[in-house]
Amino acid sequence: ITTLINHKDKPKRSDKTLQAIQRVGQAVNLAVGRFVTVGEAIANENHDLKEEMSVACIEARRAGETIAQLTDVANLDHPESDSHITIFTDKTGVVKAARLLLSSVTKVLVLADRIVIKQIITSRNKVLATMEQLEKVSSFQEFVQIFSHFGNEMVEFAHLTGDRQNDLKDEKKKARMAASRAILEKCTMMLLTASKTCLRHPDCESARINKDGVFHRMRLALEQVIEIVTDSRPNGENEMAPISIYSAIKEFKNKVESLRENLCFLSKENLSTMLEVILEHTEDFTDSAYTSHEHREHILELTKQAKMELEQLVSVWMQAQNQKTKDLMEDLEVAILKTCQCVNELKREVHSAATSLAADLLKYHNDHMVLKALKITGVEGNLEAVAEYTCKLSEQKEQLVEMCRLLRHVSGTEPLEITCIHAEDTFQVTGPQIVSAAETLALHPSSKIAKENLEVFCEAWESQLSDMSMLLREINDVFEGRRGEKRVYLSLPRPGKHNANLKALKPVKLDTEEQAKIAKLGLELHLLTSDVDSETEKWEDQENEIVQHGQGMSSMAYSMYLFTRGEGLLKTTQDLFHQAEIFATEGTKLASVLHAFSDQVHDDDKALLLLEAEKLISMCKQLQMTAKAPVQGKSATFTKVDACILKTRNAMTLLCQLLPLSWKLLRKTKAGNGCLKPAPPWREDRIRTASNAHAPERRAETYGIKSLENHVTNMTFLESK
């Protein structure tokens, strides 16, 4: 739409230009048609919003058709003189249609979102109502019936919130949602065993405390899910997340480094306050009983040094504000570098203190000796021994809670910070629940249900310890730069980060005239990405490796198209060149997959598939060589940009031919017209690779729906005595 509206009228229009305009218009109309079809289906299922949704869908469809009519110019030799109204004779019509389209599409999205939120809230309300019934139940038979119903409701809630979690763009909200859903998954099993124990031993106070704790935690988790979904908090409160040392240091360094551009950017009091905040947070480490003497001494030395470096910086800075001599500006640069270096060393030291403590504690508690002892002494009915080991578990809990607090300071990203907070909360809550479950077993040592209940809570503790080992690895990965922001199909480059040679090169930004020169090439690239996306949509198995590599290449090509418009995450030419390298690597991987696939297929088109795959390898090698070739000067850089986009376009053109050919071969194979050898290795490799590559994401997004469904299925085995 933006391309059409910004289209500049030129006296001479080539057939290629006219065809491109028509393709854009048709692509918009087709996309709107698919979108509206979904909107209409949603409207039919939700009668309270059906009228509003239907009106918005009709408006969107009408606007899409108008755009298609106005861009139907490919077969007109002289569009201006023809009676047919087109984009050239009525540009305001395109603008009006575009505005109507954007307005109606936005309305459809807002209405659909309201429906999803309403579904989640309704599902939550059902769960809460059934939980109230479960709390009041007094017989096993009634409990079995209600819990079976409750299990089905939890499965529905799991599916709805899982889809919502995947749709969230805010990584912080995504992490909070994952934490809440993990609590609900674990608590469902806890609720089952805790309720059974309470029903079997109705006069046992520790059993009642144990059950009440589970219900309370589940209600809090359900409430948090609704807060995230509706983006609101009770009583209009704002969420105040604790500040970590990492985020405080990052903000402080940004302010210090900004003095290079603007000496009057902020006051010396502001900088002093910011450093004080950092030093206050270091007290969490120096005051901790679990921080080693060596780490404590180093942190105290660095905090003292940071104060001195800031004093020196402020002194030079004040002088530089009055007189900007060359010597003073050089002194200011040195002071800035020294201050930043000092806080970086402080950051490294607190990271080392937190992670070494975590590694030691996780190794020490890995044998679960206290939990084993509680189980044994509980079965023996030894109340004195149970009391002794519950004290040891409380000590362990305090150590692990402190570990989580310190790790949060050095986690490096907001999602990991939230994971640390969730872990801290889990240890805080699960510890006392294990104690109450152990006391119940000690009071009723022959009770199988009480024993099973203690097992469930101990498993939750062990599971959290296991998760902490994984979390520690992720925190170290972030610190050492082995893991960046979450990626969809590609890891977007950052200047100077991925290639040591880039540090010596100064990134070049294209001026407006040069941007215009490659805009036409960029538009062709954009249209090709639409074609590739249309081809990949045809595949039933979206997890197929051919599809995934194709989608990855399309996503990267789209980011390069955005670069030609001066938009997107690729800000400089160095970004573009690195993106071209990744694109070429992805294309080479696809060619390798196609080769492996061809070994399993016997068909007349096999030779053609291999030939096209070889062409793709050749194109990717050429693109990689072009992207890596060193250039100097603005003119040479622009030529390299042009060559990279041109070669990417050629590879995308070939991809548009490869995808339908591969799809056809796969369909023939399934229909029995071809022949597959047993256990194709390319498929096995894909599954292995995918399971390894996406393990952290899957762990975060998995709710344990299967385990919930198993709980429901196994309800028939509940004792009903």
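A salt bridge here is a side-chain nitrogen of Lys or Arg within 4 Å of a carboxyl oxygen of Asp or Glu. The model is predicted. A search of the whole structure finds 20 such bridges.

**Exercise 1.** Explain why Arg-208 and Asp-212 count as a salt bridge, and place them in the chain.

*Solution.*
1. The closest N and O atoms of Arg-208 and Asp-212 are 2.6 Å apart.
2. The cut-off is 4 Å, so the pair qualifies.
3. Both residues sit in helix 7 (residues 205-230), four residues apart, or about one helical turn.
4. Arg-208 is partly exposed at 36% relative accessible area. Asp-212 is partly exposed at 30%.
5. Salt bridges with shared partners join Glu-205, Arg-208 and Asp-212 into one network.

**Exercise 2.** Determine which helices the salt bridge between Asp-425 and Arg-217 links, and whether each residue is buried or partly exposed.

*Solution.*
1. The closest N and O atoms of Asp-425 and Arg-217 are 3.4 Å apart.
2. Asp-425 lies in helix 14 (residues 414-443) and Arg-217 in helix 7; the two are 208 residues apart, so the pair links distant parts of the chain.
3. Buried means under 20% relative accessible area. Arg-217, at 7%, is buried.
4. Asp-425, at 34%, is partly exposed.

**Exercise 3.** State which parts of the chain the salt bridge between Glu-40 and Arg-61 ties together.

*Solution.*
1. The side chains of Glu-40 and Arg-61 meet at 3.2 Å, N to O.
2. Glu-40 is in helix 2 (residues 15-45) and Arg-61 in helix 3 (residues 50-70), so the bridge ties together parts 21 residues apart in sequence.
3. Glu-40 is partly exposed at 30%. Arg-61 is partly exposed at 29%.

Notes
Residues numbered from 1 in each chain as written. Predicted model: local features only at pLDDT ≥ 70, side-chain atom pairs only at ≥ 80, totals over all residues. Heavy atoms only, no water. Buried < 20%, exposed > 50% of the residue type's maximum accessible area, 1.4 Å probe, protein only.
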